[in-house]
Amino acid sequence: MTETEFIEVVDCRLPYEDKQRCCDLIELGTGVSPNAAFMVLHEICRPPNSSTATAECLEILLAEWSARVLHPLVEIVFPTAIAMVRGESISVVSSMLVMQKISEYKHQFNALSIPYLACDDINGTVDILHQEIVAAWSVSEPQ
């Protein structure tokens with residue numbers, strides 16, 4: 001399965017109420033690519049409006065995800081993911097610091113999306129940084 005195929009499988013379709021299936025998808029994503037693994041985290045942090053997943057369910061899935069994904073970005077992104085699941089936003093400064101750390105790991109778009117979407121960027125500062133990182137990645141090969 002390619003990264004694109006995997007992302008299409010989980011994008012707005014994570015089976016939140018089926019813990020075993022979610023764990024299987026976490027394992028599968030981890031085997032596909034780091035970006036695919038972080039797509040699952042993105043889905044846990046931002047369930048679609050149609051989802052009936054409870055905060056408790058999301059916290060359990062966060063724990064399952066963090067236990068299964070081994071990547072240097074986990075410790076960088078995970079605190080933001082926890083805040084998002086708890087319905088908390090992070091500061092613009094915190095978002096930018098996390099995004100700058102993620103920028104060192106080229107083509108990790110789903111990891112980047114987590115802090116990007118975790119703050120209330122009313123001035124567009126985070127949006128500018130996001131665009132700069134994506135532009136820099138677009139001229140480089142994936143890691």
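Colleague: Is R68 buried, partly exposed or exposed?
Modeller: This is a predicted model. R68 has a relative accessible area of 26%. Buried would need under 20%, and exposed over 50%. R68 is therefore partly exposed.

Colleague: Which residue meets R68 in a salt bridge at 3.1 Å, N to O?
Modeller: R68 sits in helix α4, and its partner sits in helix α2. The two are 41 residues apart, so look at distant parts of the chain. The partner has 46% relative accessibility, which counts as partly exposed. The side chain that meets R68 is that of E27.

Colleague: How many residues apart in sequence are the parts that K19 and E64 tie together?
Modeller: K19 and E64 form a salt bridge, with the closest N and O atoms 3.2 Å apart. K19 lies in helix α2, residues 19-32, and E64 in helix α4, residues 55-68. The pair therefore ties together parts whose separation in sequence is 45 residues.

Colleague: Does E64 count as buried or exposed?
Modeller: The cut-off for buried is under 20% relative accessible area. E64 comes to 18%. K19, at 42%, counts as partly exposed. E64 counts as buried.

Colleague: Where does R86, the partner of E59, lie?
Modeller: The side chains of E59 and R86 meet in a salt bridge, 3.1 Å from N to O. E59 is in helix α4, 27 residues from R86. R86 lies in the loop between α5 (73-85) and α6 (92-102).

Colleague: Which residues do salt bridges that share partners join into one network?
Modeller: The count comes to four salt bridges. Those that share partners form one network of K19, E27, E64 and R68.

How values were computed. Residues are numbered from 1 along each chain as its sequence is written. This is a predicted model: local features need pLDDT of at least 70, side-chain atom pairs count only at pLDDT 80 or more; totals for chains, interfaces and linings use all residues. Side-chain values use heavy atoms; hydrogens and water are left out. Helices (H or I, at least four residues) and strands (E, at least two) are DSSP runs, numbered from the N terminus. Buried means under 20% relative accessible area, exposed over 50%, partly exposed in between (1.4 Å probe, protein chains only).
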